[in-house]
Number of protein chains: 2
Amino acid sequence: MTRKAVEDVRAIACLGAGPIGGGWAAYFLSQGYDVTSWIFDAAEEERLRGLIDAAWDALTELGLAEGASRDRLTVTTDMAEAVANADFVQESVPEDVELKQGVYERLGRLAPADVAICSSTSGLSMTDIQAKCATPGRTVTGHPFNPPYLMPLVEIVGGARTDPETVAWTGAFFRHAGKAPLVMDREVPGFVATRLQEAVWREALHMVNEGEATVEQIDLAVTNGPGPRWALMGPCMVYHVGGGEGGMRYCLEQFGPALELPWTRLEAPELTDSLTGKMVDGCVEAAGGEDFLTLTRRMNRGLVQVLKARRASGF
Amino acid sequence: MTRKAVEDVRAIACLGAGPIGGGWAAYFLSQGYDVTSWIFDAAEEERLRGLIDAAWDALTELGLAEGASRDRLTVTTDMAEAVANADFVQESVPEDVELKQGVYERLGRLAPADVAICSSTSGLSMTDIQAKCATPGRTVTGHPFNPPYLMPLVEIVGGARTDPETVAWTGAFFRHAGKAPLVMDREVPGFVATRLQEAVWREALHMVNEGEATVEQIDLAVTNGPGPRWALMGPCMVYHVGGGEGGMRYCLEQFGPALELPWTRLEAPELTDSLTGKMVDGCVEAAGGEDFLTLTRRMNRGLVQVLKARRASGF
């Protein structure tokens, strides 16, 4: 099977009329693709077009690709028609495993053989979703972060019967399409982003439950503390920069003992040499040769811009 | 004891020449205060002034108060001189409990009786810090988020012998001085922001340790997923908005069962009616009457600005 080169993808089928399906349609239109949206019921078309219209101002401000137009949207209730000429399929039907299995059984027959079929699922396993599909090798998860037309992240992972080539191609395609693909080599519940988000959420619930903080205080702490930094650098690089000249290694030496303090209800793993090595090597690689001062200056310039941006948008 | 009204504070003593002490000096100067920095050794003055100079561009871009000037900085190694005319003392000496106890013993005698003495400590308890202070009622923790000249958050909490009035006054002072004060009614290890940050950090360490994700993937997930939203709205309001018209209540009904899924290694508390009530009430209050669509539009406008801001600053 030879799949089109990612830069030759022109037509995308988006399944689903909800905020995720509609968000994907809006995003792909903004990037200049032809989009065919499959909806379950013709009555959903108005809502779908409303979602796309609501997204368009933001997409315009972020920059439309040449030739991008909402006129390049086709809407149909015929799944065969929706995928007949597609170069890529993004499925966002409701999160019901039996429903999805039925859809993949049909898509496996209807979509051209060389076309990848990608699920927006946030909680189901592709191994389950692809169970009744006759061509599971080209099925893959591509989990967006809501709203998909704004958030860059797409977490990509195959199921047990997905071809590794499909996973790699899908990662390359999303990168080409302007997204930030995160290609995982195995299925992990909650992928990466949801796991990290869920850790914050559960600690927050505990704190509210125990009267240690209110909802208002939780949100105030995040938006005025780690939030603005995390819009720029993730938790690893934030600590790498926080470690000064010594970077992540110094940080782990300095704050390693704090991992045993009750600073959250989640117990830390043991800080072995192997784990320290992975953290240090990962940060050194991510820094790409930028030294402490350069990273700090860039971080602080970014923080100023983020703080100004949120002030300007009424936060 | 009558303390000055927060708007009458003119002179601030900042103790410490490190990134926190220097960052505070830079911030208070930018807000138009007279600042006296106490440093342990005269040789530290150059580093301190370098820190302030490095912060000044960012502070200028964020907006200096009328009359703000680096010329209003005095540097001394004499603690008595540093605090003699202070209306407020911000202490940022190294995180060593015996060292701080000694400093508070001196400050308790040297600082004018009606002046609040505030510690930047991130990990020590004010109950311990104030142990040898003869006037502990006016000592309080005011923990900034690094860098203190940029990040708005200041977590404020008293020790066992702190007067409640000192805690309230310090919160009001930081609000007046342009910060985002979070006033806690009891000491909790890690305050609020560090606890939430630490939950992310420990889940991330587990994932790297188990080979579920790399350092690069952890950071990619946060900066392209929850990070930009958390620069605008905290985790509670993000879910309140994510719940659509039904808000946090719908969100908890819908995703409540997911609290039992292995989406992070941290176990969630039981979602009792009492906890649900606190979460829902807190979000409704925070929304301040704004409905779902208004909140969503504001959130999305903010996201566009944050994404543009980070693009413009080289991320």
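1. Start with Ile218(B). In this predicted model, Ile218(B) reaches residues of both chains. On chain A, Ile218(B) touches Val192(A), Gly234(A), Pro235(A) and Cys236(A). On chain B, its contacts are Ala204(B), Met207(B), Val208(B) and Ala213(B). Residues up to four places away in sequence are left out of this list.

2. Now place that residue in its core. The largest nonpolar core has 195 residues. Ile218(B) is one of the four that touch the most other members. The other three are Ile218(A), Val89(A) and Val89(B).

3. Next, the contact between the chains. Chain A puts in 90 residues, and chain B puts in 90 residues. On chain B, the helices that each supply at least two residues include α2 (45–62), α8 (215–224), α10 (235–242) and α13 (292–312). The strand β8 (180–183) of chain B also supplies at least two. The top contributor on this side is α7(B), with 17 residues. By type, the side of chain B that touches chain A holds 55 nonpolar, 21 polar and 14 charged residues.

4. How are the two copies related? A turn of 180° and a shift of 0.0 Å along the axis lay chain B on chain A, with an RMSD of 0.0 Å. The copies are therefore related as by a two-fold rotation axis. They also meet through the same surface, because 100% of the interface residues of chain B are interface residues in chain A too.

5. Look at the domains of chain A. The domain assignment gives domain 1 (6–183) and domain 2 (225–312). Taken over C-alpha atoms, the centres of these two domains of chain A are 34 Å apart.

6. Two backbone features deserve a check. Most peptide bonds are trans, and most residues other than glycine have a negative phi. The exceptions below appear in each chain.

7. Which peptide bond is cis in chain A? The bond from Asn146(A) to Pro147(A) is cis, with omega near -5°. Pro147(A) sits in the loop between β6 (139–144) and β7 (153–157) of chain A. In chain B, the bond from Asn146(B) to Pro147(B) is cis, with omega near -10°. Pro147(B) lies in the loop between β6 (139–144) and β7 (153–157) of chain B.

8. Then inspect Phe191. Phe191(A) is not a glycine, yet its phi is positive, near 50°. Phe191(A) belongs to the loop between β8 (180–183) and α7 (193–209) of chain A. Is Phe191(A) buried or exposed? Phe191(A) counts as buried because it has 27 C-beta neighbours inside 10 Å. Phe191(B) has a positive phi of about 50°. Its place is the loop between β8 and α7 of chain B. Phe191(B), with 27 C-beta neighbours inside 10 Å, also counts as buried.

Methods:
Residues are numbered from 1 along each chain as its sequence is written. Chains are lettered from A and ligands numbered from 1 in the order in which they are written. This is a predicted model: local features need pLDDT of at least 70, side-chain atom pairs count only at pLDDT 80 or more; totals for chains, interfaces and linings use all residues. A nonpolar core is a set of buried Ala, Val, Leu, Ile, Met, Phe, Trp, Tyr and Cys residues joined through C-beta atoms within 7 Å. A residue is buried if 20 or more other C-beta atoms lie within 10 Å of its own, exposed if 12 or fewer, and partly exposed in between; C-beta atoms are placed from the backbone. Two residues are in contact if their C-beta atoms, placed from the backbone, lie within 7 Å. Domain bounds come from an automatic or database domain assignment. Helices (H or I, at least four residues) and strands (E, at least two) are DSSP runs, numbered from the N terminus. Ala, Val, Leu, Ile, Met, Phe, Trp, Tyr, Cys and Pro count as nonpolar, Asp, Glu, Lys and Arg as charged, and the others, Gly among them, as polar. Copies are superposed by least squares on the C-alpha atoms of residues with pLDDT of at least 70 in both.
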